[in-house]
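Hi,

Here is the structure I said I would pass on to you. Have a look at it first, then read on.

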Amino acid sequence: MFLAAAFAAGLAPFAVPSAARAADKLETGGLTFRDFGTPDNGASYTRGEQNVAGGTTQTFTRVLGIDPANQAVRLRFDSIKVELLLPMGWQATEDWERGVAYTTDKRFRLVVWRIDFAHEGVKDAQHYAATKAGSIKSRRPGVQAQARKLSDGTFVVAYENVPKGPTDSGPRTVFDLVIPNPRNPKVGILVTLGMPANDSSRGLALLALITQNMRIDWQ
């Protein structure tokens with residue numbers, strides 16, 4: 001289900017830049033939310049698309065607060081019980097199973113899911129990351145994929161040479177971050193961030209910013 005949805009959303013997988021391959025944690029590289037958004041005091045989050053492909057209805061994501069100093073907005077995806085700090089100037093919606101956020105030009109696209117590993121046919125986060133990377137490589141010849149465990153116990157999967165989608169100008173890079181529940185390894189959170197291939201280093205920094213400021217209600 002998640003593999004098909006990732007491609008349908010134009011977030012088909014991608015591989016990490018060489019600097020990330022040797023790292024044991026995600027780094028921001030000195031970038032901040034100011035480097036990825038537009039200072040509009042959160043106004044963009046009151047606008048958005050109400051429907052996605054296939055007729056799925058989405059609702060606006062709840063804004064919890066504005067951080068003018070960092071040009072960021074804190075949001076709550078109630079359906080998956082996750083809070084994110086995201087750049088100003090983006091838009092965000094959600095449905096019953098996922099939260100979605102993206103730049104207005106959709107160059108950067110983010111999807112956050114809850115994962116039941118048994119339901120996906122795997123035993124844990126590591127098995128999920130490895131299985132998904134292998135599946136994508138076999139189904140999409142030319143796509144490079146690599147999974148790596150980070151020092152905090154999460155797993156990052158990077159995909160490169162991802163074919164462009166209908167609204168894209170060129171190849172994409174996509175990062176998956178698989179976060180296991182520290183009290184129940186049978187479930188977790190999947191954060192998928194896609195961007196133009198030439199923005200992959202900045203995208204990895206953005207993933208670090210987002211996940212460092214993420215709050216998950218595991219109950």
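Below is what turned up, starting with the whole chain and ending with two residues in loops.

Keep in mind that this is a predicted model, not an experimental one.

First, the overall picture. The protein chain has 4 helices and 12 strands. It runs to 219 residues, and 51% of them count as buried. The accessible surface adds up to about 10000 Å², with 50% of that belonging to carbon and sulfur atoms. As for contacts, take those in the protein chain with a separation of 6 or more: 59% of them involve residues 24 or more positions apart.

Now for the two loop residues. Try finding glutamine 71 in the viewer: it sits in the loop between strand S2 (62-67) and strand S3 (72-77). Its phi is near 50°, so to speak a positive value in a residue other than glycine. Is glutamine 71 buried or exposed? With a relative accessible area of 15%, glutamine 71 is buried, because anything under 20% counts as buried.

Then move along to lysine 81, in the loop between S3 and strand S4 (82-87). Lysine 81 is not a glycine either, yet it has a positive phi of about 60°. How does lysine 81 count in terms of exposure? Its relative accessibility is 34%, so lysine 81 counts as partly exposed: the value falls between the 20% cut-off for buried and the 50% cut-off for exposed.

So S3 has a loop residue with positive phi on either side of it: glutamine 71 in the loop between S2 and S3, and lysine 81 in the loop between S3 and S4.

Cheers

How values were computed:
Residues are numbered from 1 along each chain as its sequence is written. This is a predicted model: local features need pLDDT of at least 70, side-chain atom pairs count only at pLDDT 80 or more; totals for chains, interfaces and linings use all residues. Side-chain values use heavy atoms; hydrogens and water are left out. Buried means under 20% relative accessible area, exposed over 50%, partly exposed in between (1.4 Å probe, protein chains only). Contact means heavy atoms within 4.5 Å. Accessible areas come from the Shrake-Rupley method with a 1.4 Å probe; for residues, only the protein chains shown count as cover.
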